[in-house]
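Please open the model in your viewer and keep the sequence beside it, since this tour moves from one selection to the next.

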Amino acid sequence: GHVMHMSCFTNYRRGQSYNCPLCMKSMEDMSDYFALLDAAVRMQPMPYAYLSTMSNVYCQDCEKTGQCRYHFVGQKCPNCG
C-alpha cells in the first residue's frame with residue numbers, strides 16, 4: 001500500500017473514488033461492480049456497425065495491455081477480466 005494522510009484519504013473517498021490516487025489500482029474488491037457492468041453490456045447491444053470494433057486497453061490493476069471489443073459502457077481487461 002501507499003502512505004496517505006487519513007484526512008486526505010477520507011476526503012478522497014468522499015468523492016466516490018475506488019482507485020488509488022498514486023498507482024491507480026483498485027483499492028477494494030470490485031467484482032460486484034464489474035458484474036453490474038457486464039450485465040449492462042449484455043442488456044445494451046452495440047449497433048451493427050460497431051460489432052467488430054476493437055479497443056486497445058491498458059489495465060491499471062494487472063498493468064498489462066490487450067485488445068477487447070469496444071462497448072460504450074466500458075471495456076473489460078482481456079487479461080484479468
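A pocket, as the word is used here, is an open set of grid points where a 1.4 Å probe fits, with protein on both sides within 12 Å along at least five of seven lines. In this predicted model, the largest pocket holds about 710 Å³ of space. Select F34, L37, Q75, K76 and C77, which are the closest to its centre among the 27 residues that line this pocket. Next, colour α2 (31-43), β1 (54-58) and β2 (65-69), the elements that each give two or more residues to the lining; the largest share, 5 residues, comes from α2. Sorted by class, the lining of the largest pocket has 14 nonpolar, 7 polar and 6 charged residues.

Stay with K76 and add D38, because the side chains of these two meet in a salt bridge, 3.0 Å from N to O,. The pair links distant parts of the chain, with K76 in the segment after β2 and D38 in helix α2, 38 residues apart. K76 is partly exposed at a relative accessible area of 41%, and D38 is also partly exposed, at 25%.

The structure holds 3 salt bridges, and another to select is that of E28 and R13, at 2.6 Å from N to O. E28 lies in the loop between α1 and α2 and R13 in helix α1, so this pair ties together parts that are 15 residues apart in sequence.

Finally, select M4, M6, F9 and M27, which make a nonpolar surface patch of about 360 Å². Of these, F9 is found in helix α1 (residues 6-14) and is partly exposed, with a relative accessible area of 30%.

Methods. Residues numbered from 1 in each chain as written. Predicted model: local features only at pLDDT ≥ 70, side-chain atom pairs only at ≥ 80, totals over all residues. Heavy atoms only, no water. 1 Å grid on protein atoms, 1.4 Å probe; cavity = no way out; pocket = protein on both sides within 12 Å on 5 of 7 lines; lining within 4 Å. Points joined across faces, edges and corners; volume = space filled by probe spheres on them. Helix = DSSP H or I, 4+ residues; strand = E, 2+ residues; numbered from the N terminus. Nonpolar A, V, L, I, M, F, W, Y, C, P; charged D, E, K, R; others polar. Patch = residues over 30% accessible without salt bridge, like charges linked within 9 Å, V, L, I, M, F, W, Y side chains within 5 Å. Areas by Shrake-Rupley, 256 points an atom, 1.4 Å probe, with all protein chains shown as cover. Salt bridge = Lys/Arg side-chain N within 4 Å of Asp/Glu carboxyl O. Buried < 20%, exposed > 50% of the residue type's maximum accessible area, 1.4 Å probe, protein only.
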